[in-house]
Structures are given as C-alpha cells and as structure tokens.
Amino acid sequence: MRKHNIILGLMLVASVAMFLCGCGNSSADTGRTYAHATKSTTALGQVNTTENVVIQNPTVLPTVPPEVPTEEPTQPYVGPWTLLSQETLTPTPSGYPELDTLVNDLIAKVVTDDMNNYQKVWALYEWMIDNISYSRGMDANTGAYSSSDPNTTPKEVLWATDLLNAGQGCCYNYSAAFMYIMRALGYDAHLISGSVPKYGGGKTPHCWLYVILDNGQQYTFDPDLDMNYYTRELGEGAENPAKDRFFCAPIATYEYFYTPETYHTN
C-alpha cells in the first residue's frame with residue numbers, strides 16, 4: 001500500500017509540472033508574429049483588413065499603422081465607388097482666376113467623358129500621387145510660384161496655386177490643391193490643419209481635407225500621406241502598394257490619428 005501511494009504521488013507531481021510548462025508559452029517564446037488589421041481600400045472601394053503596413057516618411061508617418069475599429073459595423077459598408085458616383089454635384093470655382101485656370105486645365109487633361117464621378121475623383125487623386133514631388137517647407141515660401149498678390153490672396157489659394165504651377169509641394173499644398181479640385185468637380189470639400197503622430201514619437205504638423213457627402217457624413221482625403229506610403233513601399237519592392245489608405249475614408253476611422261486644430265474657411 002505504501003509503495004502504491006508513493007507511485008500515485010510521483011504521478012501527480014509530474015502532471016503538475018507538465019501543466020506549468022505548457023502555460024508558460026507566449027508569442028515571444030514561439031516566435032509568432034501577428035498582422036495588424038489596417039484599412040486599405042481598392043479602386044473599387046473594397047476593404048482589405050489583413051494587409052501589413054510598412055511605415056513611410058519617418059518625419060510624418062506613425063510608428064503604429066492606422067487601425068480600423070474592431071467593433072462590428074452598425075450599417076452595411078458602402079464604398080467610395082457608390083458614395084462618390086451617386087453624389088449630387090454643385091461645381092464651385094475658387095473665384096481666383098489663376099487657380100481656377102490651373103484646376104480646370106488639370107481636370108480637362110486627366111478626366112475623360114466616359115468616366116463616372118468616382119473615376120474622375122480617383123484619376124485626379126492618383127495623378128497627384130504620381131506626378132507631384134514632395135518638397136518639405138513649401139508653405140514657408142507661400143506664393144513663390146504664383147502670380148497672384150500674396151497680400152490679397154488667401155494662403156490656401158496660394159498653397160494650391162504653388163503646387164499646380166511648380167509640380168511640387170508639402171502637405172499644405174497637396175491638400176489645398178485637392179480641395180479646390182474637389183470643389184471644381186462639385187463636392188463640398190474643406191481643409192483642416194493640425195497634427196499627426198510622428199515616427200519615433202510625438203506629433204508633427206500636417207494638413208488634410210474632408211468632404212461632406214449627401215449622407216451627411218464626412219470623408220477624409222489625404223493625398224500627401226497616400227503619396228508617402230505608396231512611394232516608400234514602392235521603393236522597398238512591395239507588390240501593388242496601395243494609394244488609397246486615406247482616400248474617401250470615413251473620418252471616424254482615423255479620428256484617433258488626426259488631431260485637428262484649424263478648420264480653414266477659404
């Protein structure tokens with residue numbers, strides 16, 4: 001009987017030891033990695049929630065990839081194709097001849113008659129990403145590439161004019177130019193400046209725009225950030241890098257990311 005009790009005791013100790021060893025494993029112990037759930041829409045407005053984000057411009061882009069809220073949506077997803085194509089459009093020029101000429105010439109160059117409204121917006125957004133060079137500090141010399149009087153012309157108009165004349169700009173130029181392009185197409189577009197997370201910590205000044213659509217919701221557009229992400233991934237050899245992370249994104253998707261400070265009135 002004593003021998004039997006000793007054997008049972010040894011078996012119990014061994015079982016406890018095995019249990020404790022099994023509970024000690026972690027993702028670090030096993031070398032597992034996990035993909036971040038990110039928002040990336042395709043040209044048809046589909047959503048990919050498993051794409052890994054590669055950080056772009058270290059002076060602008062965040063250390064943590066933008067993440068989509070994990071809650072289940074309360075309404076069916078409606079993509080940019082439907083949202084932008086079904087919008088009631090009211091074209092509105094800036095009222096500044098130099099800028100309006102530049103915007104109208106660009107639209108005539110990029111847009112074709114067989115495009116629907118979504119395709120027009122996307123073609124112009126993609127044109128900016130592919131054809132405008134990033135130039136840090138362009139806003140410090142606002143009006144340098146414009147024939148408009150800097151004393152009587154709003155800085156937002158000058159930001160846009162400088163970019164379209166020079167083919168280069170920073171976030172202020174990118175966003176202002178695309179805001180006036182969207183207005184010329186007929187969308188209710190507005191400019192915001194503030195800050196976004198900076199690579200390595202802290203925040204950095206930034207400028208972006210949003211559009212209010214017929215459904216009353218606000219949608220973010222950020223051609224500067226999309227250009228930065230796309231350019232970096234392209235340089236690192238990524239296949240089919242996205243250009244539309246911030247294209248017609250519900251503003252709530254990135255409300256944790258953007259810190260608005262100034263809502264521009266021009």
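How many residues does helix α7 have, and how far does α7 reach from its first C-alpha to its last? In this predicted model, helix α7 covers residues 171–185, which makes 15 residues, and spans 21 Å between its end C-alpha atoms. That value is close to the 21 Å expected at 1.5 Å a residue. The surroundings of α7 can be described just as briefly: 15 of its 15 residues are buried, so the helix is largely enclosed by the rest of the structure. Just after α7 comes G186, whose phi is positive, at about 120°.

The charged pairs are the next topic. Side chains of opposite charge can pair when their charged atoms come close. The structure holds three salt bridges. One of them joins E126 to K243, with 3.0 Å between the closest N and O atoms. This pair links distant parts of the chain: E126 belongs to helix α5 (residues 117–131), while K243 lies in the loop between α8 (223–235) and β8 (247–250), and 117 residues separate the two. The partners do not fall in one accessibility class. E126 counts as partly exposed because its relative accessibility is 25%, whereas K243, at 11%, is buried because the limit for that class is under 20%.

K243 also forms a salt bridge with D130, and here the closest N and O atoms are 3.0 Å apart. Again the pair links distant parts of the chain, with K243 in the loop between α8 and β8 and D130 in helix α5, 113 residues apart. D130 has a relative accessible area of 42% and is therefore partly exposed. Taken together, E126, D130 and K243 are linked in a network of salt bridges. As for the two acidic partners, a general point on helix geometry applies. An α-helix has 3.6 residues a turn, so residues three or four places apart point the same way.

Which residue forms a salt bridge with E233? The partner is R245, and the closest N and O atoms of this pair are 2.8 Å apart. E233 sits in helix α8 and R245 in the loop between α8 and β8, a separation of 12 residues, and this pair too links distant parts of the chain. On the accessibility side, E233 is buried, with a relative accessible area of 4%. R245 is buried as well, at 1%. Both values lie under the 20% cut-off, which is why the two residues are classed as buried.

Terms used:
Residues are numbered from 1 along each chain as its sequence is written. This is a predicted model: local features need pLDDT of at least 70, side-chain atom pairs count only at pLDDT 80 or more; totals for chains, interfaces and linings use all residues. Side-chain values use heavy atoms; hydrogens and water are left out. A salt bridge is a side-chain nitrogen of Lys or Arg within 4 Å of a carboxyl oxygen of Asp or Glu. Helices (H or I, at least four residues) and strands (E, at least two) are DSSP runs, numbered from the N terminus. Buried means under 20% relative accessible area, exposed over 50%, partly exposed in between (1.4 Å probe, protein chains only). The expected span of a helix is 1.5 Å times one less than its number of residues.
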